[in-house]
Amino acid sequence: MSGQSRHADRPAPKSVLARGLSLLDAFGAGEPELSLAEIAARSGLPKPTAHRLLAELVEWGALERSSPGHYRLATKLFRLGQLVPRHRVLREAALPHLEQLYEASHENVHLAVPDNVYTLFLEKLTGRESMSIRSRVGGRMPSHCTATGKVFLAWGGRDRLRRVVDAGLPRLTPRTIVLPGLLHQDLERTIARGLGINREEAEPGVSAVAAPVLGARGEVVAALSVTGRSHRLDLDRVGGLVRAAANAVSASLPAVAGAQNG
């Protein structure tokens, strides 16, 4: 999903703070560098205003100039992101179990949390035997076509599902579920088996299975998944491994990580 399509219908922000944040929000997954013209168009701001605010963000350390007229996110934002206590504690609690899950599967292993209508990847373990896939740490993917996203939709209540449906169900592959009724049926199956399954719905030839991580009050706060080549990923076997790992993370999770991000 391009930044242009994400922001095309958004009204221009009014406050100075909102304008500055809109410039940062122009950056999307797979877009490490943007031009002044692209940032201005996506934020809805005039070029002179965008240029002035970008200079202030560069001085503060949120952005850096990668080449004349082009900008990219800087490391200060990464450092601030690492200070988010809920995500940091969640990642630290999950990492030993992610490592064990990788050793048992030798496939891509993810830790994800819900982020509005998306699934956000906090951690990813991969290796030479793992299939190359689109996901990356800090990246987001639509909920309706990912195994972790289906976990969040299945246990996230009607409001989350309504927001996802209202935002649209884009077709990423021929197997993506794009009809709300069929998605609802798939989420019922997700709850029944306790696992979210993606069968080539986000990328051709790629399947995944995910299990929920529960907070102190029994709410779903995260999901673990294993993703790999459809023809060699044994969903039943890997599903058992993912479920066991997710249960272990749930048992070791401090209360600070229990607040859910909508």
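A residue counts as buried when its relative accessible area is under 20%. That term applies to a helix in this predicted model. The model also has an open sheet of 6 strands and 1 cavity of 30 Å³ or more.

**Helix α3**
- Helix α3 covers residues 36-43.
- Its buried residues are L36, I39, A40, R42 and S43.
- G44 comes just after α3 and takes a positive phi of about 80°.

**The sheet**
- Strands of a sheet pair through backbone hydrogen bonds, either parallel or antiparallel.
- Here the pairing is antiparallel, and the strand order is β6-β5-β4-β9-β8-β7.
- The edges are β6 (140-142) and β7 (196-199).
- Each edge strand has a single partner strand, so one side of each lacks a neighbour in the sheet.
- From one strand to the next, the twist averages 30°.

**Where β7 meets β8**
- Strand β8 spans residues 206-214 and runs antiparallel to β7.
- The two strands are joined by 4 bridges.
- R199 has S207, in β8, as its bridge partner.

**The cavity**
- The largest cavity has a volume of about 140 Å³.
- It is lined by 15 residues.
- F121, M141, T146, N198 and T227 are the closest of these to its centre.
- Helix α7 (147-154) and strands β8 and β9 (220-229) each supply at least two residues of the lining.
- By class, the lining has 7 nonpolar, 7 polar and 1 charged residues.

Notes. Residues are numbered from 1 along each chain as its sequence is written. This is a predicted model: local features need pLDDT of at least 70, side-chain atom pairs count only at pLDDT 80 or more; totals for chains, interfaces and linings use all residues. Side-chain values use heavy atoms; hydrogens and water are left out. Two strands pair if DSSP finds at least two bridges between them. Axes are lines fitted to C-alpha atoms, for helices over the stretch in contact, and angles run from 0 to 180 degrees between N-to-C directions. Buried means under 20% relative accessible area, exposed over 50%, partly exposed in between (1.4 Å probe, protein chains only). On a 1 Å grid over the protein atoms alone, a cavity is a set of points where a 1.4 Å probe fits but cannot get out, and a pocket is an open set with protein on both sides within 12 Å along at least five of seven lines; lining residues have an atom within 4 Å of a point. Grid points are joined across faces, edges and corners, and a volume is the space filled by probe spheres set on the points. Ala, Val, Leu, Ile, Met, Phe, Trp, Tyr, Cys and Pro count as nonpolar, Asp, Glu, Lys and Arg as charged, and the others, Gly among them, as polar.
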